[in-house]
Amino acid sequence: MKNLSNRRDFLKTSALVAGGLALQPFSMPQAYAAGADVIKIAVIGCGGRGTGAVFQAFDTGHNIQLVAMADAFRDRIDKSYKPIFDKYGAEKVNVPEDRKFVGFEGYKEAIKLADVVILAAPPGFRPDHFEEAVKQGKQIFMEKPVATDSAGIRKVLAAAEEAKRKKLNVVVGLQRHYQSNYRETIKQIHDGKIGDIIGGQVYWNDGGVWVNARQPGQTEMEYQMRNWYYFNWLCGDHIVEQHVHNLDVANWVKQSYPVKAYGTGGRQVRTGKDHGEIFDHHSVTFTYADDTVIFSECRHFPGAANRVDESFQGTTGKAYLSAGNHGELTSWKGKSLYSHNRDNNPNPYQVEHDELFAAIVKGEYKFADAENAAKSTMTAILGRYATYTGKVVTWDEALNADINLMPTTLAWDAMPKVLPNADGFYPFAIPGKTQLV
Ligand SMILES: NC(=O)c1ccc[n+]([C@@H]2O[C@H](COP(=O)([O-])OP(=O)(O)OC[C@H]3O[C@@H](n4cnc5c(N)ncnc54)[C@H](O)[C@@H]3O)[C@@H](O)[C@H]2O)c1
């Protein structure tokens, strides 16, 4: 088995993920340590997650002030601002009208005003938003996934390098890295409790998410952005948007990234005009350099059996993990080797902010999650390329592919690259016909 060399490669390229970074000082003002200065935060993308992340930043208990908000749409800022203001008040929520930035470019101004930025727009925009935050030298919390195509991943990888060079803390909302059952169980797997990992199965099967139907008067750009889940340039398909969590766990357990993918997928129940171009099921086998195969399945079928979890098989035992605080290791004969206590585990969405802001107030450089997040997002994109084409796609082909789904111009009257036909339906991939590039 080539396991050990793979492990070394993984550690070489991503030893800086999620708290694995040796403590190093960085150049934030030391006044934070004394609690004398306010830490200014800005949120880019004021939807469900951006708003939730602001709450979590405040709930760290540090001296934090929200100073700017940016969103493509004014109504989304208003909807986000009200509950934040109602809970935390004028002293902490200092966002006058001229610091509410609406449209495609506002993120640059909002980032300028903050020490720490929360990046929570739809993932297609993340590469530009992350690149800008790094360029401006900010501490960063950004949501997953971190891109939707090969060009975006390459941009995030380059910015991740720059963030390391500048010693900017970057935490990514792959929150299983901040969830105690995953941390503790995977540590035991890495310590060899079930031997070498030789197989696994990861799932995100559920009934699907919201649909924002087309409204009269919307331009094509506005419609796609309001209904962003169903367009690949914005969302990446649900294999990227949701299943990245489970694929990231597989990479974490394997301490490696897959070398190729082969899969099948399609649209069985997602057939409406407002269902854009994404599939409703993907089933992929990811092969790693040591020939381990991880089977991955994600689907959005209302009424079918749900399953969101990860299982792994080792040479001497097996593992079961889920976001419900499961962490079980057993021998092949069924003897329990580890069982995570499922009671009173801290909320990982809070832990990621607690740990980020604790590092910031101490002036420590501790988190460099972006590279792993980019590679786990790339894993999910690789899966999508495999299901869309029906072909075996290698990691190198996928990462280097000339695929950039973003519109050439971002403006309300500009056209995205995917457009509906005369009946209002969008083209979607046909495995066997669709080409990678
Ligand atoms: N870690 C998790 O468990 C988790 C959970 C939910 C969402 N998320 C991630 O958070 C991100 C946002 O998801 P959400 O559920 O909050 O979606 P949402 O639609 O509620 O919010 C997205 C917001 O971004 C805004 N936006 C769109 N384009 C923008 C642009 N160019 N600049 C600034 N703002 C823009 C939208 O108008 C909207 O208000 C996604 O990447 C999603 O995958 C992560």
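**Figure 1. Helices α6 and α7 side by side.** In this predicted model, helix α6 (residues 126-135) packs against α7 at an angle of about 15°, and their axes are 9 Å apart. Angles under 35 degrees count as roughly parallel, and α6 and α7 are therefore roughly parallel to each other. Their crossing is left-handed. On the α6 side, the contact is made by P127, D128, F130, E131 and V134, and α7 brings G152, K155, V156, A159, A160, E162 and A163. Sorted by class, the contact of α6 with α7 has seven nonpolar, one polar and four charged residues.

**Figure 2. Helix α7 meets helix α13.** Here we stay with α7 (residues 150-165), which also packs with helix α13 (residues 370-389); the angle is about 170° and the axes are 9 Å apart. Because angles over 145 degrees count as roughly antiparallel, that is the description for α7 and α13. From α7, the residues in the contact are S150, I153, V156, L157, A160, E161 and K164. Their partners in α13 are A370, E371, A374, K375, T377, M378, I381 and Y385. By class, the contact of α7 with α13 has nine nonpolar, two polar and four charged residues.

**Figure 3. A cis peptide bond ahead of α7.** Most peptide bonds are trans. K144 and P145, however, are joined by a cis peptide bond, with omega about -25°. You will find P145 in the loop between β6 (139-142) and α7.

**Figure 4. The six-stranded sheet and helix α12.** This open sheet runs in the order β4-β3-β2-β5-β6-β7, with parallel pairing. Its edge strands, each pairing on one side only, are β4 (100-102) and β7 (170-172). On average, neighbouring strands of this sheet are turned by 15° against each other, direction ignored. At the β4 edge, strand β3 (residues 64-71) pairs with β4 in the parallel sense over three bridges, and D71 stands opposite V102 in β4. Helix α12 (residues 348-362) packs on the sheet, where it touches β2 (39-44), β3, β5 (116-119), β6 and β7. The direction of α12 makes about 175° with that of β6.

**Figure 5. The nine-stranded sheet and helix α11.** Have a look at the second open sheet: its nine strands follow the order β15-β14-β13-β12-β8-β11-β10-β9-β17, with mixed pairing. The edges are formed by β15 (336-339) and β17 (393-394), and each of these pairs on one side only. Strand β9 (residues 260-266) pairs with β17 in the antiparallel sense over two bridges; K260 stands opposite T394 in β17. Helix α11 (residues 244-254) lies across β8 (197-206), β10 (281-287), β11 (293-300), β12 (307-314) and β13 (317-322), running at about 165° to β8.

**Figure 6. Positive phi in the loop after α11.** Most residues other than glycine have a negative phi. Q255 has a positive value, near 50°, and is a residue other than glycine. Q255 lies in the loop between α11 and β9.

**Figure 7. A tilted pair of aromatic rings.** Rings pair if their centres lie within 6.5 Å, and by this rule the count comes to 18 aromatic pairs. Shown here are F58 and Y88: their ring centres are 4.4 Å apart and their planes are at 35°, so the pair is tilted. F58 lies in helix α3 (residues 48-58) and Y88 in helix α4 (residues 74-92), so the pair ties together parts that are 30 residues apart in sequence.

Definitions and conventions. Residues are numbered from 1 along each chain as its sequence is written. This is a predicted model: local features need pLDDT of at least 70, side-chain atom pairs count only at pLDDT 80 or more; totals for chains, interfaces and linings use all residues. Side-chain values use heavy atoms; hydrogens and water are left out. Axes are lines fitted to C-alpha atoms, for helices over the stretch in contact, and angles run from 0 to 180 degrees between N-to-C directions. Helices (H or I, at least four residues) and strands (E, at least two) are DSSP runs, numbered from the N terminus. Angles under 35 degrees count as roughly parallel, over 145 as roughly antiparallel, 65 to 115 as roughly perpendicular and the rest as oblique. Contact means heavy atoms within 4.5 Å. Ala, Val, Leu, Ile, Met, Phe, Trp, Tyr, Cys and Pro count as nonpolar, Asp, Glu, Lys and Arg as charged, and the others, Gly among them, as polar. A crossing is left-handed if the near helix is turned anticlockwise from the far one by less than a right angle, and right-handed if clockwise. Two strands pair if DSSP finds at least two bridges between them. Rings of Phe, Tyr and Trp (its six-membered ring) pair if their centres lie within 6.5 Å; planes under 30 degrees apart count as stacked, over 60 as edge-to-face and the rest as tilted.
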